[in-house]
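Hi,

Here is the structure I promised to pass on. Have a look at it first, and then read my notes underneath.

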Amino acid sequence: MVGKKRVIFYLMILAFNIRISVLIGLEANLVTDNLRINDIYLLFSRLIYFALYYVPIFLIIISHEDILNHTLILVRFKNIDIWWKEKIKLLLIDTVLYVILLELPVIVTAVMYIGVPYPLEAKILTFMLGDFIIKYLIFLPTGIIYLISSFISKRRYVGFLVGFFTGSLDYILTLIKLDKYAMTTAGILLEFIFSFKLPTIKFLLLSLVYCSYLAFLSLFLLLMGVKILGKTDIRRSGL
């Protein structure tokens, strides 16, 4: 059930991207002839946006789910497993809704200044689909890390801080002049957008590599979460 606070935060992220769309529109009017779809997507995908806006709001949204549901979590695996699956289901839904709201203003802006991709332009359609998938696979592991950290620490603010660090790591790396290592989560999205300029085959291969890496990361965290929580006996406290 989506609460009022969630709706407010969803609207905030939508409003933020609409504002970016307006600013991009002002720039686009000056360089329309040279504007490509990857240029528009890049303007919405700056690391600072992820660190200071996209990731924090995402974590605030998912933090409205009480991690322990006001009950005692038992150590028997099947009970933990059922609880974990329910939490992951909610996270999957929240992540889909969030990414859709992130994508809508981007797509509208791209259509306004680039036009509707012709069905035969497979590279552009693949790019748009890949952008959605990669964003989804950026927020999903961030959310999983939030759930695990909150459960173990019994403090949602600890989960928030760990999740924030995870989602903002690439931006932090750029701040300390380690740009070449900024390819853990959000940095992958930038590499994907830059790769659009490459020949189609190479672009498709790199897209597969980026998606596979993030999918593997999510799967690893899911399995690690089951293993960690299966060994943990924690009573609800401070969540």
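Buried residues account for 48% of the 239 residues in the protein, where buried means under 20% relative accessible area with a 1.4 Å probe and protein chains only. Before the rest, some small print. This is a predicted model, so to speak of local features I need pLDDT of at least 70, and side-chain atom pairs count only at pLDDT 80 or more, while totals for chains, interfaces and linings use all residues. Residues are numbered from 1 along each chain as its sequence is written, and side-chain values use heavy atoms, with hydrogens and water left out.

On to the fold. The secondary structure comes to eight helices and zero strands, taken as DSSP runs numbered from the N terminus (H or I, at least four residues, for helices; E, at least two, for strands). Of the contacts (heavy atoms within 4.5 Å) with a separation of 6 or more, 80% are between residues 24 or more positions apart.

One helix pair to look at is helix 3 (residues 47–62) with helix 6 (residues 156–175): they pack at about 170°, axes 9 Å apart. The axes are lines fitted to C-alpha atoms over the stretch in contact, and angles run from 0 to 180 degrees between N-to-C directions. The two helices are therefore roughly antiparallel, the word for angles over 145 degrees. On the helix 3 side the contact includes L47, F50, V55 and I60, and on the helix 6 side F160, F164, D170 and Y171 are among the partners. By class, this contact has 11 nonpolar, four polar and one charged residues (Ala, Val, Leu, Ile, Met, Phe, Trp, Tyr, Cys and Pro count as nonpolar, Asp, Glu, Lys and Arg as charged, the others, Gly among them, as polar).

Now the rings. There are 12 aromatic pairs, meaning Phe, Tyr or Trp (six-membered ring) centres within 6.5 Å, called stacked under 30 degrees between planes, edge-to-face over 60 and tilted for the rest. F50 and F139 are stacked, because their centres are 5.9 Å apart and their planes at 25°. F50 is in helix 3 and F139 in helix 5 (residues 122–153), so this pair ties together parts 89 residues apart in sequence. Both rings' residues, F50 and F139, are buried. They also belong to one aromatic cluster with Y49, Y54, F58 and Y98.

F196 and F203 make an edge-to-face pair, 5.6 Å centre to centre with 90° between the planes, and both are buried.

Cheers

How values were computed
Parallel < 35°, antiparallel > 145°, perpendicular 65-115°, else oblique. Buried < 20%, exposed > 50% of the residue type's maximum accessible area, 1.4 Å probe, protein only.
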